[in-house]
Amino acid sequence: MPISCLALAPVPRAMASSSSSPLTRAHRASTSTSSVAAALLASASPIPPRRFIQLHAHLLRTGLLIFSPVTTTSAFLSLAAVSLPSHRALAVLDHHLTTPHYLPSTFQCNSILRALSDPSDALRFLCRVRALGRRGNAFTLAILLKPRCSLAHARQLHANVVAEGHLRDALLATSLMRCYANRGDGDGARKLFDEMPVRDAVAWNVLITCYARNRRTKDALKLFEEMRGKDSESEPDDVTCILLLQACSSLGALDFGEQVWAYAEEHGYGGELKVRNSLITMYLRCGCVDKAYRVFSGTPQKSVVTWTAMISGLAANGFGNDAISVFEEMIRSDVAPDEQTFTGVLSACSHSGLVDEGFRFFDMMRCEYGLKPNVRHYGCIVDLMGRAGLLDEAYEFVTNEMKVAPDATIWRTLLGACRIHGHVDLGERVIGNLIELKAQQAGDYVLLLNTYAAVGEWSKVSEIRKLMQEEGIQTTPGCTTVEHNGTVHEFIADDDAHPRKVEIYENLSEIYKQLRIAGYVPNVSSELHDLDSEGKESALTYHSEKLAIAFALLVTPQHRPIRLAKNLRVCVDCHNFTKMFSAIYRRIVIVRDRTRFHHFQGGKCSCNDYW
DNA sequence: GTAGGGTTAG
């Protein structure tokens, strides 16, 4: 409301008293200015700090503030809280709280609290009124629960919630849980959860979200059982299913994901689009392309999310042409693709080496759909050029043609291409750019090291190794996991920790024997140390993938695919090894590594960039 | 009597 309109606004009842009190006299003395003041107080909308100071002076001069009832003072303080910077507002509040006759009601305290933008100032104000004997209620605490409040703040409010007996207020307690979750304190959220007398499904869901987002994915899955247990008052709902399916996606926990899906169907959530979309993603992130496609086909009302999930999943699994077919079908079905759809389509092109198609879709995205490419789209184009061997062109593209600033991922993509093509000079320039961005990681040095190793520059290799040692850059040890009967088995190179290690090593040597007969030769360029070729060969023998395959062969029935998850990229030698293994042993092996899936079958792999 | 607050698909 513009200030000029306020002169006609009615004076609040509290100020328009008919007795001849000092308030009324002062009021009569300057009726028009006072009615503006009254309107400002009544509206409680922010005013510029200068105007606030004028108002303050006016109220003091006319005695309106000094002799005013509690309501006026509270309105004035609320106005201070919205109009002034938090700390200045607090000073005004403090001053008025020392006035002997002034004590705002709980309702008025809440209005003032709502107006204070800084949570710590709000808490300080609350302490002051508490000291004066005014108690808060559930609203007071809800107002103080700002979404991004600090952990200390959350703990203090938690204590208040307990002390004032508001644990039964499920909404209040869950928003407090959310504060812990936002700050990554899963234990704090759990403690509060355990204290709640009644936990509804939302409370469970908040806890699951908290665990899943704070790298406690397995704990998130455990909650599913707990939630269905006899001591729980609530049943998992559709949101629970979505959250659990997401957790299974990130863990690659296929069996668990299917249990969640069975539950969802039994309880009538099987037709919900969000649940189905999560299921499609889960299957794709576990490498089950067929099952994902079946669910996808059985989904009648596909949204852009459904299509994008399928396209991106096919792309990550190495089925670039299928991803493009699905994209074309999407266009025919009149569903408009968005930025994320194009990220999937472009990554399909880059992962499958479809250079011309990639550029065609990149143009389509801009010209036909008017979408602005983001850094991920550019990343796909750089990847596409890099894989096609157009390295200098890619560098030129990054430095001169991109409309957004290149991030570390863009440079890493290019570095990966330098590794594939053994382009040492460019690799050095690219790592220079990463250093400039202060974003270099151990993996980047390893890529550069690989590039030198690929062209046999062993002196450079040892130089980089020395540099890494001096700078204290730690490489992540390669680790491969296999899920068997719900237990995750973890392997690192030369592992001797597994209880079945004897069988595993015997099995691996038998596999080697069979593969050598079929013509397998170790690819020593993957080993980074400057060992003689015999030394390199033996270093490659017990890579974590190979140990995991030997174990999986022991425990996985013949008709089921062997599923592995690797924390880094699969090395060239393990890639060759697995290809041959899939042919000789007639097994499907699905490996999820840091960037994508590899489907090995009959001596071939779905990806095309290992040579 | 007023006022406030929770989870969810690519």
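Counted with a lower limit of 30 Å³, the enclosed spaces in this predicted model come to 2 cavities. The largest cavity holds about 50 Å³ of space, and its lining is made up of Arg-387, Arg-419, Arg-569, Asp-593, Thr-595, Arg-596, His-598, Asp-609 and Tyr-610. Sorted by class, that lining has 6 charged residues, along with 2 polar and 1 nonpolar.

The second largest cavity has a volume of about 30 Å³, and the residues around it are Thr-106, Cys-109, Leu-126, Val-129, Arg-134, Arg-135, Gly-136 and Thr-140. Two elements, H6 and helix H7 (119–131), each give two or more residues to this lining. In the second largest cavity the lining divides into 3 nonpolar, 3 polar and 2 charged residues.

To place these linings along the chain, it helps to turn to the domains. The domain assignment of chain A gives domain 1 as 1–144, domain 2 as 373–475 and domain 3 as 479–605. The centres of domain 2 and domain 3, taken over C-alpha atoms, are separated by 27 Å.

The protein also meets DNA, and here the picture is built from a series of helices. Around DNA strand B there are 36 residues, of which Asp-169, Leu-171, Asp-200, Arg-213 and Thr-308 come nearest. Among the helices that each supply at least two residues of the surface near DNA strand B are helix H6 (106–115), helix H8 (138–144), helix H10 (170–182) and helix H12 (201–213); further along the chain, helix H14 (238–251), helix H16 (273–285), helix H18 (304–316) and helix H20 (339–351) do so as well. The largest share comes from H12, which contributes 6 residues. H6 therefore appears in two settings, and the reader can follow this helix from the surface near DNA strand B to the lining of the second largest cavity.By class, the surface near DNA strand B has 16 nonpolar, 13 polar and 7 charged residues.

Which part of the DNA strand does the protein approach, bases or sugar and phosphate? Of the atoms of DNA strand B within 4 Å of the protein, 36% belong to sugar or phosphate, and the rest belong to bases. Several side chains show how the bases are approached. An N or O atom in the side chain of Asn-205 lies 2.7 Å from a base oxygen of DNA strand B, while for Asn-277 the partner of the side-chain N or O atom is a base nitrogen, at 2.7 Å. Gln-340 places a polar side-chain atom 3.3 Å from a base oxygen of DNA strand B.

Technical notes
Residues are numbered from 1 along each chain as its sequence is written. Chains are lettered from A and ligands numbered from 1 in the order in which they are written. This is a predicted model: local features need pLDDT of at least 70, side-chain atom pairs count only at pLDDT 80 or more; totals for chains, interfaces and linings use all residues. Side-chain values use heavy atoms; hydrogens and water are left out. Domain bounds come from an automatic or database domain assignment. A residue is near a molecule or strand if one of its heavy atoms lies within 4 Å of it. A polar contact is a pair of N or O atoms within 3.5 Å; within protein, one must be able to donate a hydrogen and the other to accept it, and residues adjacent in sequence count only if both atoms are side-chain atoms. Helices (H or I, at least four residues) and strands (E, at least two) are DSSP runs, numbered from the N terminus. Ala, Val, Leu, Ile, Met, Phe, Trp, Tyr, Cys and Pro count as nonpolar, Asp, Glu, Lys and Arg as charged, and the others, Gly among them, as polar. On a 1 Å grid over the protein atoms alone, a cavity is a set of points where a 1.4 Å probe fits but cannot get out, and a pocket is an open set with protein on both sides within 12 Å along at least five of seven lines; lining residues have an atom within 4 Å of a point. Grid points are joined across faces, edges and corners, and a volume is the space filled by probe spheres set on the points.
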